[in-house]
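Colleague: I've just opened this one and I'd like some help reading it. Could you walk me through it, feature by feature?

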Amino acid sequence: MKRIRSDLSLVFIFAFFTLFWTGFSDLVISKLDRQIDLSSPVVRTTISLKIENNGANSVSEILLPFPEHQAKNFAFISAKISEGKGKTKDSFDSIPVAIATPEGMPPAMTWYSVSLPKELVKGGSLTLEVKAVFTHILRPFPEKVTQADVQLVAFQESAHFLSPYRVKFQSLAIKLPEPKVESYTKLENTKFSGSELKYGPYENLPPFSYSTVVVHYAINKPFAVAQELVREIEISHWGNVQITEHYNLVHAGAELTGEFSRLDYQARPHVRGASALRNLVAKLPARAHSIYYRDEIGNISTSNVWSDSAKTLLEIEPRYPMFGGWKTAFTIGYGLPLRDFLFQSEGKRFLNITFGCPMSDVVIENLTVKVVLPEGSKEFTASVPFPVKQSQEIKFSHLDIIGRPVIVLEKTNAVPEHNQHFQVYYKFSNLSLLSEPSMLIFGFFLFFVACVVYTHADFTISKSSPSYLAKLQWDEVQTTIQQFLNIMNRCLILHDKLEASLRDLSRTGDVQACKAARKSADSLLKELPKELKPLLSFLQSSPQAVQITPKVEELITKERELQEKLMLKHSTVVEAFEKKSGARDIDSRVAAVQQKITLLRQEVDDLLEVIDEI
């Protein structure tokens, strides 16, 4: 603060000399009202100036000076005017404001020139509405606090508006976040009421009047500052605009000193962490979809989304509450329907979308907006309603050949007032949309052609080589084994039919039907060994089947034994039914046979599984 006061002393010195310069004497500010909003970390000043031209010449611009400590933290300025009185009063939209360098002015000030839409003639008057936004102008005092302390800041301003023109009547109102203040500078006509501090009115002040005031007050809102925000807007003519935002966030308020207690914070978060950053809310377009929130670790689940016909609200919470000096990094992304943001005009397409950060509580120190255009775009330009640094680069993505052009827009000290619509114009041929599908079709076509060639090509060195002959023999063995397994499965099916006939016999008592099923199974089972004989002979003679032949022979033996036991069981049950024996008597007579059948069936199944694996 001592350094700022020394700079202001230089302003007074230069102001003394400018009193002898008559360049500004034609204009007089008849009434000036200032309102400064200190309810958030971003300081917003609204200035209403009623200006009269008492000179003989017309005036085309109005100069506004700002002291050095404000100019270096300057973020945004806009101006509107209304001219005349009563029914003849004309209003205008925002008018151009640019940095100016008037001759003979003190170097400790930065000047802005407001260009009037039409000259202010002799005797004319107008009302100028100026809105200025400053960041990093509130200084934490003290700079370090404990978890239980409130966050105090100091703000310095002048009770008199720094102007090169004579001011007849002026006042200043400072809005605070709470109806209490630690301390403030008391001057003539000072009043503190509610949460508003008023200075003035002051009358007939000469040019460059300056009276320092300092306000020391509590503000428990987090100072969320994105040291870097990279916002990538990727246009796809297949119907989507994908937006990805990478944040490096820091709490720029009073730094936390001492230990952090999670228990105290959870018990009384508004006392033991009043200025901590708990969450952020991003206002997205109404039809935003595919929303995600993640960091380097992965997806962060502490987020909520609400949407209606006008907007979509995304509430995100960091992995931990952020106190002064703490940092975090995260990424949010979402998709937007292309037809809501891409339009055509005069043979060109143009993207119309907002520039800044969707979070109104975040100050962006370095904002980079990258607009990724479709591959093949030409004659691309960007139109931004405020000064930015522009450059171009190339980005390669899936199936790109020459890459996608990227328009890079850079802005420092960005605030919510910069979240205005901007446009990117470019030319793009619809035929370019066919390039990627054509590449995919051609790629799949080449793949299938390669597969066809591979399956039909003969890559063996010689068909008489031992390895080739061994492969042919093994293929024949595999074919024979498959045929053998099919015959065995048929045998097992016949076994199941015999078992089923016995169940039907116990249910219906029809002995003749059971005998008919037995006769049919006998005839089929007698034919199967004839089919097995040549297959078994081939396996016994093939050197490639040395390991599997014993298993095959064992399986045939076990199947025959199983077949015999089934026939014995069948005969026994049928005979008992003919003699009209009871169910218990039948079960006792076949119990031993049934036990043997169960064991044999398990052994047959195990052998089938072994042969199948080989």
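**Reading the model**

Modeller: Let's begin on the outside: Leu399, Ile401, Ile402, Met439, Leu440, Phe444, Phe447 and Phe448 make a nonpolar surface patch of about 820 Å². A patch takes residues with over 30% relative accessible area and no salt bridge, joining nonpolar side chains (Val, Leu, Ile, Met, Phe, Trp, Tyr) within 5 Å and like charges within 9 Å. Accessible areas come from the Shrake-Rupley method with a 1.4 Å probe, and for residues only the protein chains shown count as cover. Before we go on, this is a predicted model: local features need pLDDT of at least 70, side-chain atom pairs count only at pLDDT 80 or more, and totals for chains, interfaces and linings use all residues. Residues are numbered from 1 along each chain as its sequence is written, and side-chain values use heavy atoms, with hydrogens and water left out.

Colleague: Take one patch member, then. Is Ile401 buried or exposed?

Modeller: Buried means under 20% relative accessible area, exposed means over 50%, and partly exposed is in between (1.4 Å probe, protein chains only). Ile401 has 60% relative accessibility, so it counts as exposed. You'll find Ile401 in the loop between β29 (389–395) and β30 (404–414).

Colleague: How do I read those β labels?

Modeller: Helices (H or I, at least four residues) and strands (E, at least two) are DSSP runs, numbered from the N terminus. Try β24, residues 327–337: nine of its 11 residues are buried.

Colleague: Which strands pair with β24?

Modeller: Two strands pair if DSSP finds at least two bridges between them. β18 (residues 240–251) pairs with β24 in the antiparallel sense over 11 bridges, and Gln242 has Gly335 as its bridge partner in β24. β21 (residues 289–294) also pairs with β24 in the antiparallel sense, over four bridges. There, Arg294 has Thr331 of β24 as its bridge partner.

Colleague: And what about a sheet with edges?

Modeller: Look at the open sheet of four strands, in the order β9-β11-β16-β13, with antiparallel pairing. β9 (139–140) and β13 (183–184) each have a single partner strand, so one side of each is left without a neighbour in the sheet. Two bridges join β9 to β11, and Pro140 stands opposite Val153 in β11.

Colleague: Which backbone oddities should I look up?

Modeller: Start with cis peptide bonds. The bond from Phe141 to Pro142 is cis, with omega near 10°, and Pro142 sits in the loop between β9 and β10 (144–145). The bond from Gly200 to Pro201 is cis as well, with omega near 10°; Pro201 lies in strand β15 (residues 196–205). Then check phi. Asn204, also placed in β15, has phi near 50°, a positive value in a residue other than glycine. Its relative accessibility is 52%, so Asn204 counts as exposed.

Colleague: What does His160 touch?

Modeller: Contact means heavy atoms within 4.5 Å. Leaving aside residues up to four places away in sequence, His160 touches Arg34, Gln170, Tyr202, Leu205, Ser209, Tyr210 and Ser211. His160 lies in the loop between β11 (152–158) and β12 (166–175), and at 14% relative accessibility it counts as buried.

Colleague: How many salt bridges does the structure hold?

Modeller: A salt bridge is a side-chain nitrogen of Lys or Arg within 4 Å of a carboxyl oxygen of Asp or Glu. The structure holds 22 of them. One of these joins Arg44 and Glu417, with the closest N and O atoms 2.6 Å apart. That pair links distant parts of the chain: Arg44 is in strand β2 (residues 43–53) and Glu417 in the loop between β30 and β31, 373 residues apart. Glu417 is buried, with a relative accessible area of 13%.

Colleague: Where would I find a salt bridge inside a helix?

Modeller: Go to α6 (residues 511–541), where Asp522 and Arg518 lie four residues apart, about one turn of the helix. Their side chains meet in a salt bridge (3.1 Å, N to O). Elsewhere, salt bridges that share partners join Glu232, Glu234, Lys395 and Arg404 into one network.
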